[in-house]
Each structure stands twice: as C-alpha cells, then as structure tokens.
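Let's take a friendly walk through this protein, one charged pair and one strand at a time. Keep the viewer open as you read.

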Amino acid sequence: MSKTSKTKRRSERTRKAEPADTVQQAGGEQRLDIPDVLPVLPVRGSVMFPGTIVPLTVGRSASRKMLDESLPQSKIIALFSQKDEEVEEPQAEDLHTVGTAAMVLKLIRQADDTISLIVHGLRRIVLEEMVQQKPYFKARVRIPPEKPGSGKKFEAEVKQLREQAHALIELSPNAPEQALTVMMNIEDPGALADFLSANLALDVEQKQDLLEEFDVAKRVRRVHVHLSSQLEILKLQQKIQEDVQSSIGDSQRRFYLREQMKAIQKELGEEESGAEHTINQLRERLEQADPPEKVMEEAMRELDRLRAIPPASPEYSVISTYLELIADLPWKKTSEDNLDLERARKILDRDHFDLDKVKRRLIEYLAVRKLNPQGRGPILCLVGPPGVGKTSLGQSIADSLGRQFARISLGGIRDEAEVRGHRRTYIGAMPGRIIQEIRRAGTNNPVLMLDEVDKLGSDFRGDPSSALLEVLDPRQNNAFVDRYLDVPFDLSQVIFIATANYIGNVPPALRDRMEVIDIPGYTDHDKLAIARRYLVPRQLKENGLTRARCRWLASGIRKVIENYTREAGVRELERQIGSVCRAVAAEVASANNGKARRKPAVIDDEFVRQALGPEKYVRDLDTRTTMPGVALGLAYTPVGGEVLFIEATRYPGKGNVTLTGQIGDVMKESASAALSLFKSRSPDLGYDIKQLSETDLHIHVPAGAVPKDGPSAGIAMFTAITSLLLDRPVRQRLAMTGEITLRGKVLPIGGVKEKSLAAARAGVKAIILPEQNRPDLEEVDEQVKKKCEFHFVENVDQVLELALGYQVHKPIRKKTRAGVK
C-alpha cells in the first residue's frame, strides 16, 4: 500500500470523526460547512441548483443503502446529474463533474420500497475524485470560486432580468401565487439566476450548462436569453388565444340562427329545450318580482349572457343562481303594519313580564308610524344580562306589528363577508346574512334581530362590526349593496333590534348608530311572578304534566330561586323547574303502569330539596361579615350585578401589601389609593401610622377564579382596611360602591340598577352610593327600594360613619408663620 493511499485513508477517518453539520456564525448569519468527502446520489432527468428545494424519488438499491448509512451521520449529500438518464447503473464517468451539495430535509419510505426525499440545494461543488464506488459512491469535492458581477451594465442586466421574470410569471397560467413574492425577495444576482434556471422549461443539458457557469455576469446573461425566448412563446400563445376569442363572433351568429330554428320548431308544435324553459321561467319570475329599473337592466343583461352559455358550463349555474336571488328578493313586497296600539300592548304583556321601557319605546314607534307611514324603522340595542328575554322580545315585537321575524346570530362571526357577502368571482360565493334572511322572510320590512352584537370578532378576513355600520345607518341603508348581489337594496323599512350583554364590547362607532335600552335583571319578586305565569306552565307542558298532577306552591318556587339559582335572568330557574317536573313525571309514569295519580304532587320547599339535592347557594352575609376587616362591595359584570366580599388581614412584617383574587390593574390602583388615604387620615382616625411599618397587609377578593376589575370598589377597600386596623366590624348587611380620590372624595360609578338588584338578591339591607348617583335611584326597581335603604355620601368620612359608626374628629390646626402646625 502506497504512502499516499495511507495518508488519504487516514484523512478520511479523521474527516468521518468530525461533525459534518457544523453551524458557524459569520457576520450574524448561519451557514453549514460542506465536508470535503460526501456520499453521492446520482440524479437523472433533472438538475439541482443551489437555493432551491425539490422532491426526489430514490429507487436504486445502492442509493437507498447510501441514504440509510449516511444520513444518521450527516444530512448533507452530493447530487450529480447523469449524462445519460437511460443508464440504470451509472459509473463515475457517467456523471457530470459539477453538481450541488444539498441537505436532506425530509425522508419518507413508500410502500413500493422507494424513498421520497425533500432536499435543499446549498452550494455548487466540483467532483475532484471518487474515493469509493461500492456499495455506493463517495467523492472528494471542492467548492469552486464564483466571479461576482459588477458595474452599471451588470446592474442594468439584473434589473432587466427581474422585470422579464415578473412578466413571465404574470403570463404563466400555472405559476404558483407565491412565485412572484419569492423572486422579488431574492437580492443576490447569482441566487436569482439559479432560482430562474431551476424553474425555466429547459432540458437537462441546458440546465447543466447554467450550473457549470461560475461567472455570475455570464450566468445572468445566459438566463436572460432563455427567459426572453420563453416570454416570446407565451406572448404568442396569448395572441393566439385572443384571436380564438375574437372568432367567437361566428359562434354567436350561429347561436342566433339556432334560436330562429327553435322559434320555427315552436311554431311547428315542438317542445322547447330544458335550458330555454329555465330561462323563460327566470324571466317571468323577474317580471313578477318587479325590481327597480336599474336592477332589472342588470338582470336582463345577465339573462342575455345566460342564453349564450352552454348549460354544461360552470358559469351557467353561477348566473342562474344569481338571477334566482334577484327574483326571490322582496323588492316591493311589504307587510302591512298593524297599528292597533292596544293590541300591541296586550301581545307584549302576554309574552314578557315587566320590560316597561322597551314596551313603551315600541308603542311610541307605532304611534309615530301611524302619523308618518313613510318614517324609517328604529334601530334598537337591548343591553342586559343573559336570560332576561332580549332575544324572545324580537319575536313578540314582530307579532305585535304583524311583521315577519328574522334572526341573525352574530356571536363568533369574524368574516366581513358574512355581512356583505362574497363577490361572485369566488367559487361557492353567496350573499351576506342580511340579504339571506330578508329573502327567507319574504318581505322588505321584517323585524331583523342582530343577536349577540357584542360577541363579534375580527381577524385577517375583515371586521364585521365595521360592515354593520352601513347596515345600521338610517341615512345609508336605503341603498345597501351586498357584494354578491352587486345592486342596491333598500333596508330603510327594516326594524333592526340588536342584543348585547355588555355595551362596552360594542365599538363606539357602531354603538353611536343604535338607541341603547338597558334591560336590568329580575328581582326575586319578579322571578316568582315569571315562574308562575310562564315557566311552570311551559315546563308542565314539555314534560307531559298537568296542574292536576303537579301543583307548584309559592314556597317551592322561592326555594328554587333562593337556594338553587344565582342569576340576573331566569334561564337557570327554568332549568331547575324542569328538573323538578321531570322527577314528578318519573313518579307518574312508574306508578300504576302510567295511570294517573290519585293525588297531585305538591311542590313545596321540602319536595324541591328532595328533587334537586343539597342547596347550591346559601346566603351567608351575616357569618362572613362579623369579623373586622370584611366589607361588601358591588360590581357590574356582563352577566349582571355581583356582590363582592373584600377581606383584609394583617400580620407582623415590614409594611408590605399583598393583593389577591385575580383583580385587574384598576382595582389594584384602587387598593393602593385606599391605603394611601388611610395613612393620610390616620391621625384623624386615632391610629399610630408607625405601626404600619411593622405590619404587612393582605387584601383578598374571594372567588379567585373570576377576573375582577374597575374603580368602584374603592370605598369598600378603604372601609375594609379601616375596619381591620381600627378593629371595628362593618355594619351587618351593608354594601357599598364608589370610587375614591386621595382627598377622600367619593366619585360616581355606573351600573347602579344592576348592582342594587344583586344586593337585594343577596339579602343586603342598606347600600352606600355616591351622592352624584342620586338621580340613578329613579331607575331602581321599586321592590329593591322597599328591601334596601339607600345612603348617599360625598366623602369617606360619611362612609365610615355609616359603615363603622365612627365619627371622625379632626384636630384644630393653628396657623403659624411657617405654615400649619
């Protein structure tokens, strides 16, 4: 063995021991070192270029063995094209000497024993020497130096190449959409030439010549020549296509002749074709629909196009569907309003308890409609917690007016096309939900409910709430243009009723177009009346019972309300009543083989407890507020008002404050303001502020799994801190809400009606509110006013006097020359 061969083998062993896929940092970029010796994969019928990602299919046993043994060591292989792709077992002389080093990105073994690869070209390489031929090729390679282009002429050539490539992609019918973006993002001229070389329709030899060109300027010029040739071919093809289309005039002439033949056949008594029958039907329906003149002109234009299109064409069904929509829309079909105000009141009272404000607003609309029949429809937004009857109110309004009712659920809609429709150029296009519901309603003045308008979303497909701005604008919706319909439709006679749980989630511009009507939650008295009048009869009917078999007492309904539900509406109340009715139905069905019971089931509080199990909710205000440091706050959430227990405790420490209970940033700031206010007033309260430096405070708002935020808990936090540090318990069954300032002022808050309802449901007897919220007391339910005593305060001193029975005594301060002493 020669010394040279020993040296080569030693060098190869050393090379094998080194990691091939070494990542190096150079100038902030990552690159892969190409080993000197690489396993070789012969490629036939294609040429791999650097910077491209292509799939390959490997079927030769030697190539599969190479992949199995080499890839666990390194993902980089050498790809060399065969000179003759017909050769099944190529030798070293059958391969081109210039190839590409590539990284294997993915390997998939197929059922037919072949392997599918996805490889990424890295660099040009030159085959120096074959160091192994059996069982597969291994070669020593080198990376050839490239000569970069320079000068203004070269820059002009690169720019011209880029422009011609842009034109070629635009003309190519099968070019992928991202090809243009990828091409425009390639800045290196050599890489641009390689990208175009890989994607041009060239034979293997032409591509191999481009791969073997190391001079970038020459490579750019050669690619430019091939690109210009293919661009000319595409332009010629386009011209031929245009000539063919221009010759369609002859086919049109033949079409008219065939039409005359059909007319002659009709005179002879022969039946017309199916397509002609469909077109004539569409024409009759369009004439019956009697759309506006401009809409009719557009429909006739589309109908003429339909005649010229073969029925088997995809465009035929698109146009016929569009014309059917125009024929089905109620352009001039209007339902006559029943303007009997007394009848409307009876229907609204029959279907809904209370809701006087909404009923009054509807009666006002009927009165205005009676005086001005051409007036526009109102756009209302009913805001309230779940289960108070917002959605069902829309059907009652439609019944009282004698109009059709349609409902669109907007919860979770994120696509603007759901409102405005899709353009007919898209496959599967359809009109928006507004036009679809009006088509189903069959009149152009239905009551259209936009349910859950506060649950609208938005993403890359658009913002549906912005699309609703035109729909809900009385000055614009008389010419609403759906993208699918593409002609104006008058929505000004439609009564739009939107519903929302929380008006804060509705965009301001959309909120400005609607008349907002707040629907508060129900008191226990209201729930009892609703259950007796609506819920119990409905559940008896649904469960196959009668009053003779199941008799509900008021005590049983109160038991369900107080101990098995805690909500602003009545949805859960109806579910629990249904559960009790099902328990009775099970007894009735099992007794006497389904025969009627001798005695009816009397539903009292004891029967409810047996049917529903242990009580879910217990009113424990007295037990939780006996200790100092606990105050009752009130909050307003999208599901109604809530009572918050704000607890404070202290322990030896260094003056730190801990806040827990999943409270938001605004509520944390309220706690900080409350503590600062206490510190500033500690002399007036008779508390030694030095004790705070040796005490840690912990403020907690229970129900830690529920997020809480807002400034209205300010006075409750201040009261809890003061109660703790002065060791005075807060007055029993007293709740409070209001924002505080560092000067001790109590500022107004929102949601007074909902908060007072929650307080009354929880058993609160007295409520402290800011003085500036006194006018809001008019909106509070009379039953709540009877249950709760309302106190209005301007500063925290009044709060402490009401909550702790503590009179704040401010010492008299004397003025000196230096200031206040």
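A salt bridge here is a side-chain nitrogen of Lys or Arg within 4 Å of a carboxyl oxygen of Asp or Glu. The model you are looking at is predicted. Side chains of opposite charge can pair when their charged atoms come close. A search of the whole structure turns up 41 salt bridges, and a few of them make good stops on our tour.

Start with R403 and D337, whose side chains meet at 2.7 Å, N to O, and so satisfy the 4 Å limit for a salt bridge. This pair connects distant parts of the chain, 66 residues apart. R403 sits in the loop between α14 (390-401) and β10 (405-409), while D337 belongs to the loop between α11 (314-328) and α12 (341-351). Are these two residues buried or exposed? R403 counts as buried because its relative accessibility is 5%, and D337 counts as buried at 14% relative accessibility.

Next, find E615 and K559, whose side chains form a salt bridge at 2.3 Å, N to O. E615 lies in the loop between α22 (605-612) and α23 (621-624) and K559 in helix α20 (residues 554-563), so this salt bridge ties together parts that are 56 residues apart in sequence. The two ends differ in their surroundings: E615 is partly exposed, with a relative accessible area of 33%, whereas K559 is buried, with a relative accessible area of 16%.

A third pair is E146 and R124, with their closest N and O atoms 3.3 Å apart. Here the salt bridge links distant parts of the chain, 22 residues apart: E146 is in the loop between β8 (138-142) and α3 (152-171), and R124 is in strand β7 (residues 115-132). E146 counts as partly exposed at 37% relative accessibility, while R124 is buried, with a relative accessible area of 4%. Which residues share a network with this pair? Salt bridges with shared partners join R124, E146, D194 and R219 into one network.

Not every charge is paired in this way. On the surface, D203, E205, D209 and E212 gather in a patch of negative charge; residues in such a patch have no salt bridge. Within this group, D203 is found in the loop between α5 (189-199) and α6 (204-211). Its relative accessibility is 43%, which means that D203 counts as partly exposed.

Now turn to the strands. Strand β18 (residues 630-637) pairs with strand β19 (residues 640-652) in the antiparallel sense, over eight bridges. A hairpin of two residues joins β18 to β19. What does β19 pair with besides β18? Strand β21 (residues 695-700) runs antiparallel to β19, and six bridges join them. E647 is a handy landmark in β19: it is the bridge partner of V630, and its bridge partner in β21 is H700. In a regular strand the side chains alternate between the two faces of the sheet.

For a last stop, look at T443, placed in the loop between α16 (433-441) and β11 (447-451). T443 is buried, with a relative accessible area of 7%. How far apart are T443 and W331 in sequence and in space? They are separated by 112 residues in sequence, and by 7.9 Å from C-alpha to C-alpha in space.

Key: Residues numbered from 1 in each chain as written. Predicted model: local features only at pLDDT ≥ 70, side-chain atom pairs only at ≥ 80, totals over all residues. Heavy atoms only, no water. Patch = residues over 30% accessible without salt bridge, like charges linked within 9 Å, V, L, I, M, F, W, Y side chains within 5 Å. Areas by Shrake-Rupley, 256 points an atom, 1.4 Å probe, with all protein chains shown as cover. Lys, Arg positive; Asp, Glu negative; His and termini not counted. Charge placed at Lys NZ, Arg CZ, Asp CG, Glu CD. Helix = DSSP H or I, 4+ residues; strand = E, 2+ residues; numbered from the N terminus. Buried < 20%, exposed > 50% of the residue type's maximum accessible area, 1.4 Å probe, protein only. Pairing = 2+ DSSP bridges.
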